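Reader: I should like to learn how the surroundings of a bound ligand are read from a model. Where should one begin?

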Amino acid sequence: MAKVGIFFGSDTGKTRKVAKQIHEALGSDAVAAPVNINKASIDDLLACDALILGTPTLGTGQLPGLDADCQAESWGEFVPELESADLSGKTVALFGLGDQQSYPDDFVSAMGELYDLVSAAGAEVVGFCSSAGYEFNDSAALDGDDFVGLALDQDNQADQTAERIKSWVASIKPALGL
Ligand SMILES: Cc1cc2nc3c(=O)[nH]c(=O)nc-3n(C[C@H](O)[C@H](O)[C@H](O)COP(=O)(O)O)c2cc1C
């Protein structure tokens with residue numbers, strides 16, 4: 001069975017909580033508990049066959065750590081590591097948290113930044129999701145009408161999160177080798 005790692009960045013803890021929910025939904029011994037990216041090295045990522053990477057969007061559509069508001073070290077500090085990594089042969093699934101009501105022009109845009117980074121590093125990204133059911137103007141995480149991963153909004157649609165995770169996890173499991 002493939003070794004799958006879950007890595008997340010988080011400022012106020014919502015993405016950490018969602019990472020735990022995704023881990024539980026996967027229900028597999030092959031997947032270790034989620035790790036905050038500020039405690040991970042690039043070798044931790046490279047040791048996995050497949051990766052699930054999650055991020056909130058902060059600033060104006062930015063990865064946490066690239067904006068002034070984020071208190072913790074996070075994806076922003078990890079960008080250079082990703083830029084020089086070779087992720088070819090790895091399967092990656094992305095999830096992103098955002099607030100479509102307060103930030104309708106940049107909803108979950110940081111997930112798009114992660115997508116660009118891991119794609120440029122050679123990874124195959126799976127787990128695109130329809131953008132139907134969300135209300136926003138624009139997002140850097142769109143590929144046509146689909147998000148490049150699972151978009152979640154704990155600020156406005158928390159009641160839909162469990163169901164969204166359940167169907168997304170079911171859709172990505174085969175691609176992750178689980
Ligand atoms: C200062 C600040 C800036 C934000 N900017 C965006 C944004 O540009 N786009 C978006 O979709 N959400 C934005 N958000 C909402 C967060 O992404 C959302 O609340 C997320 O769930 C936070 O996750 P965390 O608790 O893991 O940090 C912003 C939140 C804050 C506090």
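Author: One begins with polar contacts: a polar contact is a pair of N or O atoms within 3.5 Å. In this predicted model, a nitrogen atom of the ligand lies 3.0 Å from a polar backbone atom of Asp 106.

Reader: Which other residues place a polar backbone atom at a stated distance from a nitrogen or oxygen atom of the ligand?

Author: Gly 59 has a polar backbone atom 3.0 Å from a ligand nitrogen. For Asp 99, the partner of the polar backbone atom is a ligand oxygen, at 3.1 Å. As for area, the ligand taken alone exposes 650 Å², of which the protein buries 87%.

Reader: Where does the ligand sit, and which residues come nearest?

Author: The ligand occupies the largest pocket. There are 21 residues around the ligand, and those that come nearest are Ser 10, Asp 11, Thr 12, Thr 15 and Thr 57.

Reader: How many residues of each class does the shell around the ligand have?

Author: The shell comprises nine polar, six nonpolar and six charged residues.

Reader: Let us turn to a single residue. Is Ser 109 buried or exposed?

Author: The general idea is a cut-off: a residue counts as buried under 20% relative accessible area. Ser 109 is therefore classed as buried, because its relative accessible area is 1%.

Reader: In which helix is Ser 109 found, and what separates its C-alpha atom from that of Leu 58?

Author: Ser 109 belongs to helix H4, which covers residues 109–120. Ser 109 and Leu 58 are 51 residues apart along the chain, and their C-alpha atoms are separated by 8.9 Å.

Conventions
Residues are numbered from 1 along each chain as its sequence is written. This is a predicted model: local features need pLDDT of at least 70, side-chain atom pairs count only at pLDDT 80 or more; totals for chains, interfaces and linings use all residues. Side-chain values use heavy atoms; hydrogens and water are left out. A residue is near a molecule or strand if one of its heavy atoms lies within 4 Å of it. A polar contact is a pair of N or O atoms within 3.5 Å; within protein, one must be able to donate a hydrogen and the other to accept it, and residues adjacent in sequence count only if both atoms are side-chain atoms. Accessible areas come from the Shrake-Rupley method with a 1.4 Å probe; for residues, only the protein chains shown count as cover. On a 1 Å grid over the protein atoms alone, a cavity is a set of points where a 1.4 Å probe fits but cannot get out, and a pocket is an open set with protein on both sides within 12 Å along at least five of seven lines; lining residues have an atom within 4 Å of a point. A molecule sits in a cavity or pocket if more than half of its atoms lie within 2 Å of its grid points. Ala, Val, Leu, Ile, Met, Phe, Trp, Tyr, Cys and Pro count as nonpolar, Asp, Glu, Lys and Arg as charged, and the others, Gly among them, as polar. Helices (H or I, at least four residues) and strands (E, at least two) are DSSP runs, numbered from the N terminus. Buried means under 20% relative accessible area, exposed over 50%, partly exposed in between (1.4 Å probe, protein chains only).
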